[in-house]
Every structure is written in structure tokens, then in C-alpha cells.
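Visitor: I am new to this structure and would like to learn how to read its features one at a time. Could you take me through them slowly?

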Amino acid sequence: MAQDVVKERIEIDFVDFRGPALANWDRPTLLAYLVQAGLAEAVFFDSTGSSVPPTEVLYKKAIVLAPGYFGHVDPAHGQIHAQMLAAGVQELRQELGESSSAPIGIFALSAAPLGSEASAPEIPDLLGRIGALLAQGGNVLLFRQRELYAMTALVNRYTKASVRFVAGLSLLIRAFDDAYFNLEGRRLEALSRLFAQNVRIYAYPMTAANLQEAIAGFSHTGLEWSETNGYVSAEQLRVAPPLGHLYAYLLASNFLVPMRIPVPVTT
């Protein structure tokens, strides 16, 4: 059916198969393969086990995406990931008001390498991380590309409603540090592509200890922060110039929205 058609002109974002002859075929593995092989920009994994194309999930919806590597697959980290996504959905619900349809929240993973010198993750590794998120009741989009502007370009095919990312500070730091050599305008072009698509980023606070661990050995220098109850918010993070000027602009322009630091429980 695809004879003489080059791979770059084919996109398959959904597969389904039934019958005894296909009983040994594994749908999650095949979905992940579509992305890894470049045949799909994104595929969807439903926590209920249903087989649904991304089109049906995203169509005309207000959406919160929680991007990340999600390398920790234990239940404790899974609960933290679920809390972050739920907080992002609640933030967008308040932003839109009660008259609007309820937004949906989806975890966003990428099948691309973490960096230019890293290798692409293997399918069993991807499925392990996806499975841990599904176990927390979260739905997952697996993207071919890792850049946030590429993720929103895909989502905006199917919705013109608000799209928000909810991301921990360590992910924001890594995104800022990326030079985006694949773009002619480098970092500024990446930001303009991202925020031109009705996008905001909800910056989820992290504990100072987790932030320090997450950026250990990271190339970015000149980072400082203050703490409140052991947590660091986006407003408390200070980035050295010249990137610091850009970071301050995004905060002041409300493209980057700091989320509240959790209030400690007293007994």
C-alpha cells in the first residue's frame, strides 16, 4: 500500500489489530516503534488500556502537558509526577474559569535522545517509564521530538484551546541551556515558536535538595536560588546574565507562571 512512497511522507499515529493470528502482537511495543522509527510524530497511551488515536483525545481540548524523562519508575516518584500534573490541570481550570470545559492533563515523553551525544532510548526502557505513569492513572503521549515547541506544534493540529506545560525547575534549566543548533535563530527562535502557539509554562516548585541533585554535573553555571520551607519556586531562581535577562522577561510577561510553594502541614 505504501510502495514507492518515502517514509517522510507517511505518518501513522494509531494501530489496532484483533483476532487469534495476532494474539502475540503487543500493541504498546508497536506504538512505541512507530515513534522510534519516525513513522509517527506522537502516539497515545491510555491508562484504562483503551486504544485511542491522539486526534480523538486532543480535539478541541484545553490541555496541560507534563514533559519529562520520568526515569524514576518507583511508586513514590510516580505519585509526585501525578501531583504535579494534577496541580497543572487545576491551575488551568482556575485560569479559564468555571464556564469553560474542564482541561485534560497528559504526561509527555520523548523517544529522542536527551542530548546530541546521547543514544535514543530503547523501546523496553520507554515502555517501562510509560507503564509507571499509567499505573498512577495518568495518560501519556509519546513524542518523536523532545523540544517543547515541537510538542505544541503537534497538539495545535487538533485544538485551538489553551495549551500549558507544567514542568519542574530542573527541566526549565535544561531547556534554557539547550543551544538549539537545529534552528537558524537558535534559542530565541525556539522560544518564539513555543510561545506563539497560545502556550504558557507553569513552573512547578522543587525541593532545594531535589533541584541540587537534578542539576549536579550539569553544564549550566551561575545558578542561585533562595528557599521557602525547603522549596524553590521559579521566582526564587536566579539565572546569570545574559540568559537571566531573558528569564526575567518571561516571568514578567507571564509566559512563565510560578506555581505556589506547598504549605507545610501542621499538627
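Visitor: Let me begin with a pair of strands: which residue stands opposite A167 in strand 6?

Guide: Please keep in mind that this is a predicted model. The residue opposite A167 in strand 6 is A203, and this pair belongs to a wider arrangement in which strand 5 (residues 163-168) and strand 6 (residues 199-204) run in the parallel sense and are joined over six bridges.

Visitor: What other strand pairs with strand 5 in the parallel sense, over three bridges?

Guide: That is strand 2, which pairs with strand 5 in the parallel sense over three bridges, and here I63 has V163 of strand 5 as its bridge partner. Strand 2 also pairs with strand 3 (residues 104-110), again in the parallel sense, over five bridges, with A66 standing opposite F107 of strand 3.

Visitor: How should I read the two faces of a strand, and are the faces of strand 5 covered or uncovered?

Guide: The general idea is that in a regular strand the side chains alternate between the two faces of the sheet. In strand 5 both faces are covered, since V163, F165 and A167 on one side and R164, V166 and G168 on the other are all buried; put as a count, six of its six residues are buried.

Visitor: How many of the residues of strand 2 are buried?

Guide: Five of the five residues of strand 2 (residues 63-67) are buried, so this strand is largely enclosed by the rest of the structure. On one side lie I63, L65 and P67, and on the other V64 and A66, with both faces covered.

Visitor: In which sense do strand 1 and strand 4 pair, parallel or antiparallel?

Guide: Strand 1 and strand 4 (residues 140-143) pair in the antiparallel sense, over four bridges, and F44 stands opposite L141 of strand 4. Strand 1 (residues 42-45) is also covered on both faces, with A42 and F44 buried on one side and V43 and F45 buried on the other.

Visitor: Turning to helices, which residues of helix 1 are buried?

Guide: A general point helps first: an α-helix has 3.6 residues a turn, so residues three or four places apart point the same way. In helix 1 (residues 27-36) the buried residues are L31, A32, L34 and V35. Seen down the axis of helix 1, these buried residues fall within an arc of 150°, so they line one face of the helix. They pack against strand 1, helix 4 and strand 4, and helix 1 is followed by G38, which has a positive phi, near 80°.

Visitor: Where is P53 found, and why does P53 count as buried?

Guide: P53 is found in the loop between strand 1 and helix 2 (54-58). Its relative accessibility is 14%, and because buried means under 20%, P53 counts as buried. Leaving aside its neighbours within four places in sequence, P53 is in contact with D13 and F14.

Visitor: Finally, how many cavities of 30 Å³ or more does the structure hold?

Guide: The structure holds two cavities of 30 Å³ or more, and the second largest has a volume of about 40 Å³. Its lining is made by F70, H72, V73, D74, G78, H81, R129, A132 and L133, which by class are four nonpolar, three polar and two charged residues. Helix 3 (75-96) and helix 4 (123-135) each supply at least two residues of this lining, and helix 4 gives the most, with three residues.

Definitions and conventions. Residues are numbered from 1 along each chain as its sequence is written. This is a predicted model: local features need pLDDT of at least 70, side-chain atom pairs count only at pLDDT 80 or more; totals for chains, interfaces and linings use all residues. Side-chain values use heavy atoms; hydrogens and water are left out. On a 1 Å grid over the protein atoms alone, a cavity is a set of points where a 1.4 Å probe fits but cannot get out, and a pocket is an open set with protein on both sides within 12 Å along at least five of seven lines; lining residues have an atom within 4 Å of a point. Grid points are joined across faces, edges and corners, and a volume is the space filled by probe spheres set on the points. Ala, Val, Leu, Ile, Met, Phe, Trp, Tyr, Cys and Pro count as nonpolar, Asp, Glu, Lys and Arg as charged, and the others, Gly among them, as polar. Buried means under 20% relative accessible area, exposed over 50%, partly exposed in between (1.4 Å probe, protein chains only). Two strands pair if DSSP finds at least two bridges between them. The arc is that of the directions from the helix axis to the C-beta atoms. Contact means heavy atoms within 4.5 Å.
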